[in-house]
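I am opening a fresh set of notebook entries, and I want to record what I looked up, item by item, with the criteria beside each result.

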Amino acid sequence: PVEGSGDANCVDEILKEMTQSWPPPLTAIHTPCKTEPSKFPFPTKDSHPFPS
Amino acid sequence: AQSTEFSTNSTPDYVVKYLPLVSGDQRQSYKDDFNAEYDEYRLLHARVESVTRRFSQLDAQCRKLVPGTKEHQKMQEEVLKEYKKMKQDSPNYHVEKQRCEYLHNKLAHIKRLIADFDQRRSSSGL
């Protein structure tokens, strides 16, 4: 690292270092509570009304 | 998608500390740990992201110019100036970035364990 004369190299180094790819942020844990999903108060609509 | 940028050679502490989940209570405690550090992580992440974006812009502008020209020279000075300013504003930038990378990996690890647990539970439970 030579001071003064190495400005261009120095800039290249800076750019290389400062533009390293940065992953998108992790999302929060959006969560299903323990019991909720299974405690469905009314009959599920998924079951087919007609036997196919 | 690409989450392999952050790699370390030795086994990180969180891999030792957070093992695959076996109970719902454990799940809650993992989630609490995740949330406890999530805000700090997001803050650091946003800061690094904005600095990275700024320098990427400068980089793109530099590439458009022909090396050796006055304009190029000026752009390079701009980069140096911006770098010095960044150093002044956040002298701990590199430490913060490393901390953020660490948190990213750690939180991703915890999150993955929770997701694995949920998947196992839903495929066996229902």
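**Entry 1: an arginine and its partners**

I began with B:Arg99, which counts as partly exposed because its relative accessibility is 29% (buried means under 20% relative accessible area, exposed over 50%, and partly exposed in between, with a 1.4 Å probe and protein chains only). Before going on I noted that this is a predicted model, in which local features need pLDDT of at least 70 and side-chain atom pairs count only at pLDDT 80 or more, whereas totals for chains, interfaces and linings use all residues. Residues are numbered from 1 along each chain as its sequence is written, chains are lettered from A and ligands numbered from 1 in the order in which they are written, and side-chain values use heavy atoms, with hydrogens and water left out.

I then asked which residue B:Arg99 forms a salt bridge with. The partner is B:Glu37, with the closest N and O atoms 3.5 Å apart (a salt bridge being a side-chain nitrogen of Lys or Arg within 4 Å of a carboxyl oxygen of Asp or Glu). B:Arg99 lies in helix α4 of chain B and B:Glu37 in helix α2 (residues 24-64), so the pair ties together parts that are 62 residues apart in sequence. Helices here are DSSP runs (H or I, at least four residues), as strands are (E, at least two), numbered from the N terminus. B:Glu37 counts as buried because its relative accessible area is 17%. The pair also belongs to a network of salt bridges that links B:Glu37, B:Glu40, B:Arg99 and B:Lys106.

**Entry 2: salt bridges within a helix**

As background I wrote down that side chains of opposite charge can pair when their charged atoms come close. Searching the whole structure, I found 9 salt bridges over all chains, and I looked up two that stay within a single helix.

In helix α2 of chain B, B:Asp59 and B:Arg63 are 4 residues apart, about one turn of the helix, and their side chains meet in a salt bridge at 3.2 Å, N to O. I noted that B:Asp59 is buried at 13% relative accessibility, whereas B:Arg63 is exposed at 65%.

In helix α4 of chain B, the side chains of B:Asp118 and B:Arg121 meet at 3.6 Å, N to O, in a salt bridge. These two residues are 3 apart in that helix, and therefore separated by about one helical turn. B:Arg121 is partly exposed at 30% relative accessibility.

**Entry 3: further residues of helix α4**

Is B:Tyr93 buried or exposed? I found B:Tyr93 buried, with a relative accessible area of 2%, and placed it in helix α4, which covers residues 93-125 of chain B. Not counting residues up to four places away in sequence, B:Tyr93 touches A:Met18, B:Val48, B:Val51, B:Thr52 and B:Met86 (contact means heavy atoms within 4.5 Å). Its C-alpha atom is separated by 8.0 Å from that of B:Val48, 45 residues apart along the chain.

B:Glu96, also in helix α4, is buried with a relative accessible area of 18%, and with the same sequence exclusion as above it touches B:Leu44 and B:Arg47.

B:Tyr102 of helix α4 is partly exposed at 27% relative accessibility. Outside the residues up to four places away in sequence, B:Tyr102 touches B:Asp13 and B:Tyr14, and its side chain makes a polar contact of 2.8 Å with the side chain of B:Asp13. A polar contact is a pair of N or O atoms within 3.5 Å; within protein, one must be able to donate a hydrogen and the other to accept it, and residues adjacent in sequence count only if both atoms are side-chain atoms. The C-alpha atoms of B:Tyr102 and B:Tyr14 are separated by 9.7 Å, with their positions 88 residues apart along the chain.

**Entry 4: chain A against chain B**

For chain A I recorded 1 helix and 0 strands, with 17% of its 52 residues counting as buried.

How many residues does the contact take from each chain? It takes 24 from chain A and 37 from chain B. Across the interface I found 8 residue pairs in polar contact, both residues at pLDDT 80 or more, and 0 salt bridges between the two chains.
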